[in-house]
Amino acid sequence: MTKVAGALAIAAIAFLGAGCGSVDEQNAYVDQVNELRTELLSTVSDLTSSATPSNAAEAADLSGQLEEAYASAADGLEAVEAPDEVADLHSQLVAGLRGIATQIDRAQHALNQASAEQAVQALTDLQTSVARAETELGDLIDQINAEFQD
């Protein structure tokens, strides 16, 4: 579970690291996104820094809390008005965060009904999917930065 928690924290870092542009609208957008990033990182860090689930039920509980953090971050990001030039990318970022929350939710349900072997597989699958999502979200952030630098 510790590896999964670390992967989730990395996904948060990669996700909300947007760069800044020179236009006031871009700067306001980046400020809002960075505030959400800070909140998400803090929540994920608080949840995972001392987390040592010793069984599937404890791992499921932690997963539920992490799912809520990502879903809340997606809601917050969705409420941010993105500049026109990055509106489509912004929507993809929201969808990416929701995707991570959904993946965590699936793992939580699997953990609630899992044998030890199934729990390990659910956590392994989650770690793999979060790593893939992290890469995709990082690519979107790079595209947003490129738009702001043009």
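What share of the contacts in the protein with a separation of 6 or more comes from residues 24 or more positions apart? In this predicted model, residues that are 24 or more positions apart account for 75% of the contacts with a separation of 6 or more. The protein has 5 helices and 0 strands, and from the N terminus on its elements run α-α-α-α-α. Of its 150 residues, 43% count as buried.

The packing of helix 2 with helix 3 is described first. Helix 2, which spans residues 24-49, packs against helix 3, residues 56-79, at an angle of about 175°, and the axes of the two helices are 10 Å apart. Because angles over 145 degrees count as roughly antiparallel, helix 2 is roughly antiparallel to helix 3. The residues of this contact divide into 11 nonpolar and 4 polar, with no charged residue. On the side of helix 2, the contact is made by Val-33, Leu-36, Leu-40, Thr-43, Val-44, Leu-47 and Thr-48, and these residues meet Leu-62, Gln-65, Leu-66, Ala-69, Tyr-70, Ala-73, Gly-76 and Leu-77 in helix 3.

Ala-69, found in helix 3, illustrates this contact at the level of a single residue. Its relative accessible area is 9%, and Ala-69 is therefore buried, the limit for that class being under 20%. When residues up to four places away in sequence are not counted, Ala-69 touches Leu-40 and Thr-43, both of which are listed among the residues of helix 2 that meet helix 3. The C-alpha atom of Ala-69 also lies 8.0 Å from that of Ala-101, a residue 32 positions away in sequence. Ser-42, which lies in helix 2, has its C-alpha atom separated by 9.9 Å from that of Ala-69, the two residues being 27 apart along the chain. With a relative accessibility of 36%, Ser-42 counts as partly exposed.

The loop between helix 2 and helix 3 contains Thr-52, which is exposed, with a relative accessible area of 63%. Thr-52 and Leu-62 are 10 residues apart in sequence, and their C-alpha atoms are 9.4 Å apart in space; Leu-62 is in turn one of the residues of helix 3 that meet helix 2.

A second helix pair is formed by helix 4 and helix 5, which pack at an angle of about 175° with their axes 10 Å apart. Helix 4 and helix 5 are therefore roughly antiparallel to each other. By class, their contact has 17 nonpolar, 5 polar and 1 charged residues. Leu-137 lies in helix 5 and is buried, with a relative accessible area of 2%. The C-alpha atoms of Leu-137 and Gly-96 are separated by 6.6 Å, although the two residues are 41 apart along the chain.

His-90 lies in helix 4, which spans residues 87-112, and at 6% relative accessibility this histidine counts as buried. A polar atom of the side chain of His-90 lies 2.8 Å from the backbone oxygen of Leu-77, a residue of helix 3 that takes part in the contact with helix 2. With residues up to four places away in sequence left out of the count, His-90 touches Tyr-29, Leu-77, Glu-78, Val-80 and Ala-82.

The nonpolar interior was examined next. The largest nonpolar core has 34 residues, and those with the most contacts inside it are Tyr-29, Tyr-70 and Leu-93. The elements that give two or more residues to this core are helix 2, helix 3, helix 4 and helix 5, the last of these covering residues 116-149. Apart from this core lies another, of 7 residues, including Ala-59, Ala-60, Leu-111 and Ala-122. Two of the residues with the most contacts in the largest core, Tyr-29 and Tyr-70, also appear in the contacts described above, Tyr-29 being touched by His-90 and Tyr-70 being among the residues of helix 3 that meet helix 2.

Notes:
Residues are numbered from 1 along each chain as its sequence is written. This is a predicted model: local features need pLDDT of at least 70, side-chain atom pairs count only at pLDDT 80 or more; totals for chains, interfaces and linings use all residues. Side-chain values use heavy atoms; hydrogens and water are left out. Helices (H or I, at least four residues) and strands (E, at least two) are DSSP runs, numbered from the N terminus. Buried means under 20% relative accessible area, exposed over 50%, partly exposed in between (1.4 Å probe, protein chains only). A polar contact is a pair of N or O atoms within 3.5 Å; within protein, one must be able to donate a hydrogen and the other to accept it, and residues adjacent in sequence count only if both atoms are side-chain atoms. Contact means heavy atoms within 4.5 Å. Axes are lines fitted to C-alpha atoms, for helices over the stretch in contact, and angles run from 0 to 180 degrees between N-to-C directions. Angles under 35 degrees count as roughly parallel, over 145 as roughly antiparallel, 65 to 115 as roughly perpendicular and the rest as oblique. Ala, Val, Leu, Ile, Met, Phe, Trp, Tyr, Cys and Pro count as nonpolar, Asp, Glu, Lys and Arg as charged, and the others, Gly among them, as polar. A nonpolar core is a set of buried Ala, Val, Leu, Ile, Met, Phe, Trp, Tyr and Cys residues joined through side-chain atoms within 4.5 Å.
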